[in-house]
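Here are a few short exercises, each with a worked solution. Have the sequence and the model open while you go through them.

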Amino acid sequence: MAREWLNDAIFYEIYPQSFLDTNGDGIGDFQGIIDKLDYICDLGCNAIWMNPCFKSPFGDAGYDVEDFYEAAPRYGTNADLKRLFDEMHKRGMHILLDLVAGHTAITHKWFKESMKDEINPYTDRYGWSDTEWGGDRHYNWLCGISERRGGAMVNFFAHQPALNYGFYEIKEPWQQPVDAPGPKSTLEELKNIMRFWLSMGCDGFRVDMAHSLVKNDPESKGTIALWKNVRDFLNKEFPEAVLVSEWGEPQKSLEGGFHMDFLLHFGPSHYNDLFRCEEPFFSRRGKGNAYEFVKKYESLQAETAGKGFICIPSGNHDMDRLARSLSGSELKVAFGFLMSMPGVPFIYYGDEIGMKYVEGLKSVEGGYLRTGSRSPMQWDDTTNAGFSQAPSDRLYIKIDPDPNRPTVKKELEDSHSLLHEVERLTKIRKDHKALGNQGDVKFIYAKENTYPLAYIRSFEDEKILVIVNPSYKDATFECDLMGKELIYSVGDNATMDGKTVTAPAGSVSFIKL
Ligand code: NOJ
């Protein structure tokens, strides 16, 4: 079962490089996050997921860890990180660190040892084939830099060797079963890493590529069993700890003991149909289709009932910014949906002010096309948008050069801003359990290529009808329900005339039933 605090959690994802630089080196730091905790609270978020902040050569923005037990000096020390935990707890907030469970950097001492010809305790820490050219063509191989013969399996970029948690189906002689000593010791070390940070006060982890650990595991049975094992360990030693997976298949991840899983821009969820495709459902053009998303969501809901949360994020550090495909009131309507669906909401830093995807940037730290979604937070109209005092050519990533770029300051001064809309939405979500994380959802109007989308949220005795119409024209549907009170709307209010409900163009209405 989910930890209690998750029932009311609203997360804010922070890419620490780009949030706030307090020491003038052009890159964000832990102190910057501490300085902005009140801002995050005012937005209505009470939890943070922070991208990896550990020592790293930063070939993949920190998803290439060199030492799992040490904070990257550019963000601060372990003691500073602990201060962040403490400052958050003082405010009743929670923090999840990013656990890169599937691979390390090639500069990690385990990998350096593992590359040696002599057998040592790290020989089997990674998946090594017995020939330099790798074996199984299904995987990519890292070879040519070790004295040891063979190739190391790659988990993501070529410089991220896969940790060895074993193979579910053994197809080649060098592949080890999950209960072989090498895979078992990798798993025990993963638990040690979790123990270390949980003992210091973090509240849990977002697990990177959680689906990827056991290899040759077509139905994920081996990986699910591995996570069940981890869950048992946590239940015994850290029963409050929370896990969210980057998996994208909640029917598997929640089975494995994760408390929540994301719907993502990859995987079978149709999440992209809503926000990031040629004709997203949330575009004013009104040519989108939410139907496939709804069908998939309903089946996931049925499969995962009572097991944990399905989270629909506003975006993340790997996706195009929401504001690349949507703008203005479209963003408000999209947030009206995000803040009225079940599961735990995740807001990617800057999405609450409509930060743009910065086009044409050179890749930074393996970001490639993702770099445009990782630009510095835009706080105000001072130097570097208030992100850093460093000369602008020393910033980690260039700031959005648009003179009209949104900033927190401008949005705070405008009562009609997206930021204020998001604040009001997080508040109404907290005030009404039916709109919250645990409540149920039943879609009552979701037709192919048709607007609006309507669903009933409920929790105990409370029932709220939500009607979402992102398109440029009014949309109607027939319904037998009797609305008692319109409790909130983004844009104009929906009206009910007999059985006909009219949802005005660009609106979301919450009607108490
Ligand atoms: C998923 C992370 O979100 C992404 O940023 C990273 O590059 C890969 N996993 C590899 O760790």
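**Exercise 1.** Work out how the protein is divided into domains.

*Solution.* Start with the bounds, which come from an automatic or database domain assignment. Domain 1 covers 4-100 + 183-429, domain 2 covers 103-164 and domain 3 covers 440-512. Next, take the centres over C-alpha atoms: those of domain 2 and domain 3 are 54 Å apart.

A quick word on the ground rules: this is a predicted model, where local features need pLDDT of at least 70, side-chain atom pairs count only at pLDDT 80 or more, and totals for chains, interfaces and linings use all residues. Residues are numbered from 1 along each chain as its sequence is written, and side-chain values use heavy atoms, with hydrogens and water left out.

**Exercise 2.** Find what surrounds the ligand, and look for polar side-chain atoms by its oxygen atoms.

*Solution.* First, list the neighbours (a heavy atom within 4 Å): they include Tyr63, His103, Phe156, Glu246 and Arg370. Then sort the shell: 3 nonpolar, 2 polar and 7 charged residues, with Asp, Glu, Lys and Arg counted as charged. Now check polar contacts (N or O atoms within 3.5 Å). Asp60 puts a polar side-chain atom 2.6 Å from a ligand oxygen, Asp208 does so at 2.7 Å and Arg206 at 3.1 Å. Finally, the area (Shrake-Rupley, 1.4 Å probe): the ligand alone exposes 300 Å², and the protein buries 98% of that.

**Exercise 3.** Trace the strand order in the sheet of S16, S18 and S19.

*Solution.* Strands are DSSP runs of at least two E residues, and two of them pair if DSSP finds at least two bridges. The order is S16-S19-S18, in an open antiparallel sheet. S16 (475-478) and S18 (495-497) are the edge strands. S16 pairs with S19 (residues 500-503) over 4 bridges, and Glu478 sits opposite Thr500 in S19.

Notes
A polar contact is a pair of N or O atoms within 3.5 Å; within protein, one must be able to donate a hydrogen and the other to accept it, and residues adjacent in sequence count only if both atoms are side-chain atoms.
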